[in-house]
Amino acid sequence: MKRSELRTYFKNGRALVSARTYAIVKTKRACVNAFAVIKDDRETTCIIEESRLGAQKYLGIEGDWRMITFDMLLPLSLVGFFAGVSGALADAGVNIFTISAYTTDHVFVKNQKLDVAVKTLEKLGMSVRRL
């Protein structure tokens, strides 16, 4: 995709900031009520609302993440969208954790960097709404 087309995509884009706070958890098995579970040969990672964390023992946990959902159809053939988003956030000093669904991407940012992330996405031209 050409940069000019990508700018149009950003300009017409919309992002939603969840009011919930999430934890990213390394565990031996999937967490009940997780937003997402990623399992590979080395580990199982759960993204779960902090309020839903149970008494299960975890191999690693990092909390205080906020989810930003790109509320737009992102076709699998789209090239460069996330490179533009992640590059802008990196330039602003915002570390991210990302997951993608079939037509939607989600980026998790630390709560303390949320305002910077929102302003960065708005500078790209996106409309950002906090839920």
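Start by selecting Arg 14, which is partly exposed because its relative accessibility is 37% (buried means under 20% relative accessible area, exposed over 50%, and partly exposed in between, with a 1.4 Å probe and protein chains only). Before going on, note that this is a predicted model, in which local features need pLDDT of at least 70, side-chain atom pairs count only at pLDDT 80 or more, and totals for chains, interfaces and linings use all residues. Residues are numbered from 1 along each chain as its sequence is written, and side-chain values use heavy atoms, with hydrogens and water left out.

**Stop 1: the salt bridges**

Keep Arg 14 on screen and add Asp 71. What joins their side chains? They meet in a salt bridge, 2.3 Å from N to O (a side-chain nitrogen of Lys or Arg within 4 Å of a carboxyl oxygen of Asp or Glu). Arg 14 sits in strand β1 and Asp 71 in the loop between β4 and α2, so the pair ties together parts 57 residues apart in sequence. Helices (H or I, at least four residues) and strands (E, at least two) are DSSP runs, numbered from the N terminus. Asp 71 is partly exposed, at 33% relative accessibility.

The structure holds 5 salt bridges. For another of them, select Glu 62 and Lys 110, whose closest N and O atoms are 3.2 Å apart. This pair links distant parts of the chain, with Glu 62 in strand β4 and Lys 110 in strand β6 (residues 105–110), 48 residues apart. Are these two buried or exposed, or in between? Glu 62 is partly exposed, with a relative accessible area of 39%, whereas Lys 110 is buried at 13%.

Next, pick Arg 130 and Asp 115, whose side chains meet in a salt bridge of 2.7 Å, N to O. Here strand β7 (residues 127–130), home of Arg 130, is linked to helix α3 (residues 114–124), home of Asp 115, across 15 residues. Arg 130 is partly exposed, with a relative accessible area of 45%, and Asp 115 counts as partly exposed at 45% too.

**Stop 2: His 106 and its surroundings**

Move to strand β6 and select His 106. With 11% relative accessibility, His 106 counts as buried. Show Thr 69 as well: a polar contact of 2.9 Å joins the two side chains (a pair of N or O atoms within 3.5 Å; within protein, one must be able to donate a hydrogen and the other to accept it, and residues adjacent in sequence count only if both atoms are side-chain atoms). Which other residues touch His 106? Leaving aside neighbours within four places in sequence, its contacts (heavy atoms within 4.5 Å) include Phe 35, Met 67, Ile 68, Phe 97 and Ile 99.

**Stop 3: the aromatic rings**

Now display the aromatic side chains; a search of the whole structure finds 7 aromatic pairs. Rings of Phe, Tyr and Trp (its six-membered ring) pair if their centres lie within 6.5 Å; planes under 30 degrees apart count as stacked, over 60 as edge-to-face and the rest as tilted. Zoom in on Tyr 22 and Phe 108: their ring centres are 5.5 Å apart and their planes stand at 80 degrees, so the pair is edge-to-face. Tyr 22 belongs to strand β1 and Phe 108 to strand β6, 86 residues apart. Both are buried.

Then choose Phe 70 and Phe 82, with ring centres 6.2 Å apart and planes at 90 degrees, so this pair is edge-to-face. Phe 70 lies in strand β4 and Phe 82 in helix α2, so the pair ties together parts that are 12 residues apart in sequence. Phe 70 is buried, with a relative accessible area of 0%. Add Phe 10 and Phe 81 to see one aromatic cluster formed with Phe 70 and Phe 82.

**Stop 4: around helix α2**

Phe 81 leads into helix α2 (residues 81–91), where Phe 81, Val 85, Ala 88 and Leu 89 are buried. Looking down the axis of α2, you will find these buried residues within an arc of 95 degrees, so they line one face of the helix. The arc is that of the directions from the helix axis to the C-beta atoms. An α-helix has 3.6 residues a turn, so residues three or four places apart point the same way. Rotate to the other side of α2 and you meet Ala 83 and Asp 91, which are exposed. Just after α2, Gly 93 takes a positive phi of about 80 degrees.

**Last stop: two unusual backbone angles**

Select Asn 33, in the loop between β1 (14–27) and β2 (36–39). Although not a glycine, Asn 33 has a positive phi of about 70 degrees. Finish at Asp 64 in strand β4 (residues 60–70), which also has a positive phi of about 70 degrees without being a glycine. Asp 64 is partly exposed, at 31% relative accessibility.
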